[in-house]
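Here is a quick tour of one model, written for someone who likes to see the contacts spelled out. Have the coordinates open as you read.

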Amino acid sequence: MAGDMWGYPETARYAPGAQLVGYSVEASDGSIGKIDKHTEDVGRSYLVVDTGPWILGRRVLLPAGLVSEIDTGAETVRVACTKAEVKDSPPFESGRHEDDADYIRQIESHYANRHM
């Protein structure tokens with residue numbers, strides 16, 4: 001499951017090279033913020049979401065496998081998780097966590113029960 005977690009699902013309609021920074025992110029139960037960064041690295045694609053004021057401006061990393069739909073017209077990305085799952089996820093610190101194997105395992109463990 002961990003390998004699938006890091007790739008955009010075909011059903012999400014991700015177009016390689018797409019610029020998603022600034023898109024709104026919607027969990028299954030409401031808005032969670034805006035995309036601050038995204039990658040399309042093979043085997044490690046993810047979104048970094050700035051959650052804004054609802055959890056005190058925290059940044060979180062969401063594996064690309066959570067993306068359920070990308071709506072380019074509305075500039076919205078929908079993800080297959082809840083606001084509570086995002087709120088309870090490990091915080092992300094740019095420059096520190098991108099290549100931290102322990103942090104990546106924490107993310108995988110946190111989202112392991114999701115059906116992607």
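Let's begin with a pairing inside the sheet: strand 1 (residues 24-27) runs parallel to strand 6 (residues 76-79), with three bridges between the two. One of the matched pairs is Glu26 with Arg78, the latter sitting in strand 6. Bear in mind that this is a predicted model, and that side-chain atom pairs count only at pLDDT 80 or more.

**The sheet**

Zooming out, the sheet is open and has six strands in the order 4-3-2-1-6-5, with mixed pairing. Its edges are strand 4 (59-63) and strand 5, each of which pairs on one side only. Going from one strand to the next, the twist averages 35°.

Strand 6 also has a partner in strand 5 (residues 67-71), and here the two run antiparallel, joined by four bridges. Ile70 stands opposite Val77 of strand 6. These two strands make a hairpin with four residues between them. The residue to look at in that turn is Glu75, which has a positive phi of about 50° although it is not a glycine. Glu75 counts as partly exposed because its relative accessible area is 43%, which lies in the range between 20% and 50%.

At the other end of the strand order, strand 3 and strand 4 are antiparallel and share five bridges. Val49 has Val60 as its bridge partner in strand 4. As background, strands of a sheet pair through backbone hydrogen bonds, either parallel or antiparallel.

**A buried threonine in a loop**

Is Thr39 buried or exposed? Thr39 lies in the loop between strand 2 (30-38) and strand 3 (46-50), and it is buried, since its relative accessible area of 10% falls under the 20% cut-off. The side chain of Thr39 reaches the backbone oxygen of Arg44 at 3.2 Å. Leaving out residues up to four places away in sequence, Thr39 touches Tyr8, Arg44, Ser45 and Tyr46.

**Salt bridges**

How many salt bridges does the structure hold? There are six, and three of them are set out here.

| Pair | Closest N to O distance |
|---|---|
| Arg13 and Glu69 | 3.0 Å |
| Glu69 and Arg78 | 3.5 Å |
| Asp102 and Arg105 | 2.4 Å |

Arg13, Glu69 and Arg78 are linked in a network of salt bridges. The Arg13 and Glu69 side chains meet at 3.0 Å. Arg13 belongs to the loop between helix 1 (2-5) and strand 1, whereas Glu69 is in strand 5, so this pair ties together parts that are 56 residues apart in sequence. Arg78, the other arginine in the network, is the residue that bridges to Glu26 in the strand pairing.

How open are these three residues to the outside? Arg13 is exposed, at 53% relative accessible area. Glu69 counts as partly exposed at 26%, and Arg78 is also partly exposed, at 30%. The backbone of Arg13 is worth a look too: this residue has a positive phi of about 60° although it is not a glycine.

**Helix 3**

Which residues of helix 3 (residues 101-111) are buried? They are Tyr103, Ile104, Ile107, Glu108 and Tyr111. These residues cover an arc of only 140° around the axis, so they end up on the same side of helix 3. The general rule behind such a pattern is that an α-helix has 3.6 residues a turn, so residues three or four places apart point the same way.

At the start of helix 3, a side-chain oxygen of Asp100 comes to within 2.9 Å of the backbone nitrogen of Asp102. Asp102 has a salt bridge as well, with its side chain meeting that of Arg105 at 2.4 Å, N to O. Why are Asp102 and Arg105 separated by about one helical turn? Because they are three residues apart in helix 3. Asp102 is partly exposed, with a relative accessible area of 46%, and Arg105 counts as partly exposed at 47%.

Conventions
Residues numbered from 1 in each chain as written. Predicted model: local features only at pLDDT ≥ 70, side-chain atom pairs only at ≥ 80, totals over all residues. Heavy atoms only, no water. Buried < 20%, exposed > 50% of the residue type's maximum accessible area, 1.4 Å probe, protein only. Polar contact = N/O pair within 3.5 Å; in protein donor to acceptor, adjacent residues only side chain to side chain. Contact = heavy atoms within 4.5 Å. Pairing = 2+ DSSP bridges. Arc of directions from axis to C-beta. Axes fitted to C-alpha atoms, helices over the stretch in contact; angles between N-to-C directions. Salt bridge = Lys/Arg side-chain N within 4 Å of Asp/Glu carboxyl O.
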